[in-house]
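Colleague: I'm new to this structure and would love a close look at one part of it. Could you walk me through it slowly?

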Amino acid sequence: FGSSRLGRPVCTPARPFRRPPPHTDSAMVAKKQSKASKAADSINSRLQLVIKSGKYLLGYKTTLKSLRQGKAKLVLISNNCPALRKSEIEYYAMLAKTGVHHFHGDNNELGTACGRYYRVGCLSITDPGDSDIIRSVGGSE
């Protein structure tokens, strides 16, 4: 108890009982995520599976080489890839009948999703391995 300026004790009213917040489990956290973030997580997890078990080529030059040789199954392009470069890759992919996916992150995020510590502007997947990334994002966007 404290005391007021007049010297009388001050009684504070008892606070009402508050329940602790409910525990958030993974189902509730997943429920709160937006569709875009779920899709990005799905792409990232599939891409990590390709990195572990499949074959891929990082970079603009090697992506174009794989498209010319017809080896690329899917091409991922970061969202800050230059417009001329992006249109050239899309044109080669159209000729090679290869799917193109526009990654919803910049080249730093694409490099991180590949498990690299450097920037990756584009990558081509030649063998998906255990991943179903080609069926899931094949010709989208």
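Which strands and helices do the buried residues of H2 pack against?

Modeller: Happy to help, and please keep in mind that this is a predicted model. The buried residues of H2 pack against strands S3 (55-58), S4 (74-77), S5 (99-102) and S6 (122-127), and also against helices H5 (107-113) and H6 (133-137).

Let's start with the helix itself. H2 runs over residues 35-53, which makes 19 residues. From its first C-alpha to its last it reaches 27 Å, close to the 27 Å expected at 1.5 Å a residue. Its buried residues are Ile 43, Leu 47, Val 50 and Ile 51. Viewed down the axis of H2, the buried residues fall within an arc of 95 degrees, so they line one face of the helix. A general point helps here: an α-helix has 3.6 residues a turn, so residues three or four places apart point the same way. Turn to the other side of H2 and you will find Lys 35 and Lys 52, which are exposed.

Now for the nonpolar core. The largest one has 16 residues, and Leu 47 is among those with the most contacts inside it, along with Leu 76, Leu 110, Leu 123, Ile 125 and Ile 133. Two or more residues of this core come from each of H2, S4, H5, S6 and H6. H2 gives the most, with four residues.

Leu 76 is a good place to see these parts meet. Setting aside neighbours within four places in sequence, Leu 76 is in contact with Leu 47, His 101, Phe 103, Leu 110, Gly 121, Cys 122, Leu 123 and Ile 125. Apart from the largest core lies another, of ten residues, including Val 75, Cys 81, Ile 89 and Cys 122.

Ile 89 takes us to a helix you can compare with H2. Helix H4 covers residues 83-95, and Lys 86, Ile 89 and Ala 93 are buried in it. These three cover an arc of only 65 degrees around the axis, which puts them on the same side of H4. The face turned away from that buried side carries the exposed residues Ala 83, Leu 84, Met 94 and Leu 95. As for partners, the buried residues of H4 pack against helix H3 (60-69), S4, S5 and S6. So if you look back at H2, you will see S4, S5 and S6 listed for its buried residues, and for those of H4 as well.

Methods:
Residues numbered from 1 in each chain as written. Predicted model: local features only at pLDDT ≥ 70, side-chain atom pairs only at ≥ 80, totals over all residues. Heavy atoms only, no water. Expected span 1.5 Å × (residues − 1). Buried < 20%, exposed > 50% of the residue type's maximum accessible area, 1.4 Å probe, protein only. Arc of directions from axis to C-beta. Contact = heavy atoms within 4.5 Å. Core = buried A, V, L, I, M, F, W, Y, C linked by side-chain atoms within 4.5 Å.
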